[in-house]
Amino acid sequence: MAKKFNITGKCFPEEHYMADVSSKLEQTRKMVEEGDYFIINRPRQYGKTTTLYRIEDTLVNTGDYFVFNMSFEGIGDTIFDNEKNFSQGFTRLLARHAQISAPFMVEWLRESINKTESIDVVSDIISDMVLKAGKKVVLMIDEVDKSSNNQLFISFLALLRNKYLQKDIFKTFHSVVLAGVHDVKSLKQKIRPDEEQKYNSPWNIAAEYNVDMNLYPNEIKPMLDDYVEEKGVKMDTQGIADHLFYYTSGYPFLVSKLCKMVDEQFMPEKGIKEWTNEDIDKAVQKLLFEDNTNFETLAKYLENDPELYKLVYRVAIDGEKVGYNLFDPTTNIAVLYGILVNKNNYFAIHNRIYQEVLTNYMIARMSHNQWSNNFEAGISYKNSDKSLNMEAILTRFQAFMREQYSKKDRDFLERNGRLVFLAFLKPIINGSGYDFKEPQISEERRLDVIVTYLQYRYIIELKIWRGEVAHQEGLQQLTDYADRLSLIEGYLIIFDHAKRKSWKKGWTEAYGKKVFTVWV
C-alpha cells in the first residue's frame, strides 16, 4: 500500500510519510525510563497520540516493560458519575489493554472489576498488578482533558502521587504519562474549597516536559526525501522544507496538511512530477479559504473567551508589544492553545497561517458595521501587467476613512484602524493573493503587511504617528525590510489620532527606496 500524508489520528511509519522526530522521541523515552510522571500538554493535532504509540513500541521492544496505553476519548460520561463507576471503569480499561501488554493478567483483572468499588481498591489492584508483572509497568493516558474538571479523576491523581512518593513501600507504575491540551495547573480541581489549594495540585510531582514538538526544516526534509524516493518526484527537499516552515513555524498539522494538498490535489493537476515553492504558496492560499476542525477550534477558543480575544487582537491586529507573563491565566491559555508563542519574552502569533486565519475571523466579526459593506474591489486597482496599483489602493483607503471619519463610527475607526484596512484590502486581493502580517517589536507599535498577489509582492507598514523622530526610524525599518525582500518600493499608512488631521499623501525617497505614504 502506498504511503500518504496523514492529518488525522496517529501515524504509522509503514503507512505514512513522517517527519524525523527521533530526537524528540529519545528525550521522551528517557523521561519514562527514568521513572518520571509527566504531562505532554500541546495544542490539538500536535502529534501527542503518535508520540505515545511510538514510545510504547520502543519500550515494549526492549522486553523490560509492560505499557498500558489508553485514552479517555469515547469512554462515556457515566464513568465519572460516582467513585464505583470510575473505579470499575478504570479497571476495565486496564483489563482491555492488558490483552496487548500483559495477556496473562486479563482474566485476573476482569475478575477484579465487580469487586472494585473505590479508588482505594484501585490502588491495591495497581500494587498487585505491578507485583504480578515482574517488569516495569508504564501507564499512558491520552485525552485526559475529558476528565480535567472531574473530582474523581483528581482524586485518582492524588492516589498516584501518594504512591509515587512512597514507592519504596507501595508498588506503583514505574512512570505515568498523561497527554492533553492542558498543563499541570489546569489539570486539577480544588480538593478543598480554600483558595490556597489553587496551585497545590495532586500532580505536583510532575516533571517538566520541555520537548519542542514543532517540526523544524531538518526534521521535515527526511519526510520529503522519503516521498521523493517512493514517488519519483523532483523536489528541492531542503528548499521546500524551509518554505513549509516559513508558513507554519513547524505546527505538525499544518505541515502535513500542506504536503497532503500538494500531493493529492495539485500534482494530478500539473501532470508533471515536481514540487516547487509556488505549489506550497498555492496550497497556503487554498487552505486559508478551507473549513477544517483546526481553524474552527481556533475560532471557538476566541468566541468563548472575550479576554483571550482581546489579547490576540492586540498582538495580531495592533502589532502591540505584549510581554509574556507566566502567571496571567489568559496568556497561559493562549500559549496552551497554540495561538501565541513566547519570542524573547514577548508574544507573537504562532505562525503566519494562524495570523491570517485569525485576521479573517476578526474581520468577519467586524462585518456587522454598515460601512464595511462599502469596501471596494475592481479592475481600477490593477495595472496593465495585472499587478496591483498599491498607490491607488492606499489613496482610496484614505478617501474612505475621510468619508467615514465624520460619521458616527469615528471612535470605532480610531480604535480599529488596522483591522479596517485589512478588511478593506481583502476583497481586492481575494482569490488571487493573500497578505501576511509581520509584527515588529518597536516603540512605534508597527505592523508590516506583506501582500502576495500573483507573482508580485508588496510591503505595507501600518503605524501610529508618534512624532518625526519615531517616523524616521520607522522609515528606515521599512526600507530595510523592503531590501531583504528585494523590493524597490514600500508603502506606509500612518494613523494620526490628532483632532485636526492633515490627510497628507505622497511619494518620498527614503534610504534608497521609494515610499508612498498616506495619513489617515
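I began with the salt bridge, which here is a side-chain nitrogen of Lys or Arg within 4 Å of a carboxyl oxygen of Asp or Glu. By that rule I find 14 salt bridges in the structure.

Two notes before I go on. This is a predicted model, where local features need pLDDT of at least 70 and side-chain atom pairs count only at pLDDT 80 or more, while totals for chains, interfaces and linings use all residues. Residues are numbered from 1 along each chain as its sequence is written, and side-chain values use heavy atoms, with hydrogens and water left out.

**Entry: salt bridges**

A reminder to myself: side chains of opposite charge can pair when their charged atoms come close.

I looked up glutamate 143 and found its side chain in a salt bridge with arginine 44, at 3.4 Å from N to O. Glutamate 143 sits in the loop between β3 (136–142) and α6 (151–165) and arginine 44 in the loop between β1 (37–41) and α2 (48–62), so this pair ties together parts that are 99 residues apart in sequence. Helices (H or I, at least four residues) and strands (E, at least two) are DSSP runs, numbered from the N terminus. For exposure I use relative accessible area: buried is under 20%, exposed is over 50%, and partly exposed is in between (1.4 Å probe, protein chains only). Glutamate 143 counts as partly exposed because its relative accessibility is 23%. Arginine 44, at 31%, is partly exposed too.

Next I checked aspartate 263, whose side chain meets that of lysine 231 in a salt bridge of 3.0 Å, N to O. Aspartate 263 is in helix α9 (residues 252–270) and lysine 231 in helix α7 (residues 217–231), so to speak distant parts of the chain, 32 residues apart. With 11% relative accessible area, aspartate 263 is buried, whereas lysine 231, with 27%, is partly exposed.

I also noted a network of salt bridges that links Glu26, Arg29 and Glu33.

**Entry: helix α14 and its partner**

How far apart are the end C-alpha atoms of α14? They are 21 Å apart, and this agrees with the 21 Å that the 15 residues of the helix (352–366) should span at 1.5 Å a residue. The expected span is 1.5 Å times one less than the number of residues.

I then asked how much of α14 is covered: 11 of its 15 residues are buried. Among them are Ile353, Tyr354, Val357, Leu358 and Met366.

At the N-terminal end of α14, asparagine 351 acts as a cap, with a side-chain oxygen 3.1 Å from the backbone nitrogen of isoleucine 353.

Glutamate 356 forms a salt bridge with lysine 426, and their closest N and O atoms are 2.3 Å apart. This pair links distant parts of the chain, helix α14 and helix α17 (residues 417–429), with the two positions 70 residues apart in sequence. Are these two residues buried or exposed? Both glutamate 356 and lysine 426 are buried, and I have 16% relative accessible area for lysine 426.

The side chain of lysine 426 also makes a polar contact of 2.8 Å with the side chain of asparagine 360. A polar contact is a pair of N or O atoms within 3.5 Å; within protein, one must be able to donate a hydrogen and the other to accept it, and residues adjacent in sequence count only if both atoms are side-chain atoms.

**Entry: a few single residues**

Tyrosine 453 is in strand β8 (residues 446–453) and is buried, at 7% relative accessibility. Its C-alpha atom is 7.4 Å from that of leucine 388, although the two residues are 65 apart along the chain.

Glutamine 455 lies in the loop between β8 and β9 (456–464), and at 60% relative accessible area it is exposed. I found a polar contact of 3.4 Å between the side chains of glutamine 455 and tyrosine 456. Glutamine 455 and glutamate 278 are 177 residues apart in sequence, but 9.2 Å apart in space, C-alpha to C-alpha.

Arginine 96 is in helix α3 and is partly exposed, at 46% relative accessibility.
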